[in-house]
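Work through the exercises below with the model open. Each task is followed by a worked solution.

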Amino acid sequence: TIGDMEVTFRIESYDIAHMSGQNVVGVMTVVEDSEIKKSEYRKFKIKEDPGVNDTKALSEVLTRRLGHIEWRFPDLIVVDGGTAQKRVMEKTLLKNNIKIPVVSVVKDERHKPKEILGDKKWLVHEKDILFSNSEAHRYAISFHKQLRGRI
């Protein structure tokens, strides 16, 4: 607690959606103390055409997000994917001189969470990590479908 402010544990999750590199979008979702904060969700249309390069798109989304210093920084960043996605987020944070731990959620062929990569101490938040990750995935897909519907 800082003064009379309740300090919450904030997780931001990031995901990318596209159809074979077309209409690439990225999203950020927020879970604070196990509660979804829909008002703080953000959608990003990818400006640099990454094709099917999700890591490039993730880097763009995180860079643009970090530009918003008026948004509270998270205590933990969750990214959909494996080592490559986790690394690109860490590199982007480093480039911006920001220290926020990153974990990634690895999925199996049925898109079910298989493993969480990162410092194992964050596994105390495993439920929230998986919840925010599935929420980011759902939000990315719905934003992508919404855009596709406009074509």
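The exercises go from strands to helices, then to single residues. The model is a predicted one.

**Exercise 1. Place strand β5 in its sheet**

Task: Find which strands pair with β5, and in which sense.

Solution:
- Step 1. Take β1 (10–19). β1 and β5 pair in the parallel sense, over 4 bridges. Within this pair, Tyr14 has Val79 as its bridge partner.
- Step 2. Take β6, residues 102–107. β5 and β6 also run parallel, joined by 4 bridges. Here Val79 stands opposite Ser104.
- Step 3. Trace the connection. From β5 the chain passes through helix α2 (residues 83–95) to β6. This β-α-β crossover is right-handed.

**Exercise 2. Judge the burial of β5**

Task: Decide whether β5 is largely enclosed or open, and sort its residues by direction.

Solution:
- Step 1. Strand β5 covers residues 76–80.
- Step 2. Sort by direction. Leu76, Val78 and Asp80 point one way. Ile77 and Val79 point the other way.
- Step 3. Apply the cut-off: buried means under 20% relative accessible area. 5 of the 5 residues are buried, so β5 is largely enclosed by the rest of the structure.

**Exercise 3. Follow β6 into its hairpin**

Task: Describe the pairing of β6 with β7 and find the residue with positive phi in their hairpin.

Solution:
- Step 1. β7 spans residues 113–117. β6 and β7 run antiparallel, with 4 bridges between them.
- Step 2. Locate a facing pair. Lys107 stands opposite Pro113 in β7.
- Step 3. Look between the strands. The hairpin has 5 residues there, and His111 takes a positive phi near 60°.

**Exercise 4. Check two helix lengths**

Task: Compare the end-to-end spans of α1 and α3 with their expected values.

Solution:
- Step 1. Helix α1 (residues 54–66) has 13 residues. Its first and last C-alpha atoms are 18 Å apart, close to the expected 18 Å.
- Step 2. Helix α3 (residues 126–148) has 23 residues. At 1.5 Å a residue these should span 33 Å, and the end C-alpha atoms are 33 Å apart, so the two values agree.
- Step 3. List burial. In α1, buried residues include Leu58, Glu60, Leu62 and Arg65. In α3, they include Ile129, Ala136, Tyr139, Phe143 and Leu147.

**Exercise 5. Build the core around α1**

Task: Name what covers α1, then find the element that gives the most to the largest nonpolar core.

Solution:
- Step 1. The cover over the buried residues of α1 includes β1, β2 (22–32), β4 (42–45), β5 and α2.
- Step 2. The largest nonpolar core has 21 residues. Tyr14, Leu58, Leu62, Ile77, Met89 and Leu93 touch the most other members.
- Step 3. Assign the core to elements. β1, β2, α1, β5 and α2 each supply at least two residues. α1 gives the most, with 5 residues.
- Step 4. Zoom in on Leu62. Beyond its sequence neighbours within four places, Leu62 is in contact with Tyr14, Ile77, Met89, Thr92 and Leu93.

**Exercise 6. Account for a buried glutamate**

Task: Find which side chains make polar contacts with Glu12.

Solution:
- Step 1. Glu12 sits in strand β1. Its relative accessible area is 0%, so Glu12 is buried.
- Step 2. Find the polar contacts. The Glu12 side chain meets that of Tyr14 at 2.6 Å. It meets that of Arg65 at 2.7 Å.
- Step 3. Widen the search past four places in sequence. Glu12 is in contact with residues including Met28, Val30, Arg72, Pro74 and Ile77.

**Exercise 7. Classify three loop residues**

Task: Are Ser34, Lys37 and Asn97 exposed, partly exposed or buried?

Solution:
- Step 1. Ser34 lies in the loop between β2 and β3. At 38% relative accessibility, Ser34 is partly exposed. Its phi is positive, about 70°, although it is not a glycine.
- Step 2. Lys37 lies in the loop between β3 (35–36) and β4. At 30%, Lys37 is partly exposed. Beyond four places in sequence, Lys37 touches Val30 and Glu32.
- Step 3. Asn97 is in the loop between α2 and β6. At 72%, Asn97 counts as exposed. Its phi is also positive, near 55°.
- Step 4. Put the phi values in context. Most residues other than glycine have a negative phi.

How values were computed. Residues are numbered from 1 along each chain as its sequence is written. This is a predicted model: local features need pLDDT of at least 70, side-chain atom pairs count only at pLDDT 80 or more; totals for chains, interfaces and linings use all residues. Side-chain values use heavy atoms; hydrogens and water are left out. Buried means under 20% relative accessible area, exposed over 50%, partly exposed in between (1.4 Å probe, protein chains only). Two strands pair if DSSP finds at least two bridges between them. A crossover is right-handed if, with the strands pointing away from the viewer, the path from the first strand over the helix to the second runs clockwise. The expected span of a helix is 1.5 Å times one less than its number of residues. Contact means heavy atoms within 4.5 Å. A nonpolar core is a set of buried Ala, Val, Leu, Ile, Met, Phe, Trp, Tyr and Cys residues joined through side-chain atoms within 4.5 Å. A polar contact is a pair of N or O atoms within 3.5 Å; within protein, one must be able to donate a hydrogen and the other to accept it, and residues adjacent in sequence count only if both atoms are side-chain atoms.
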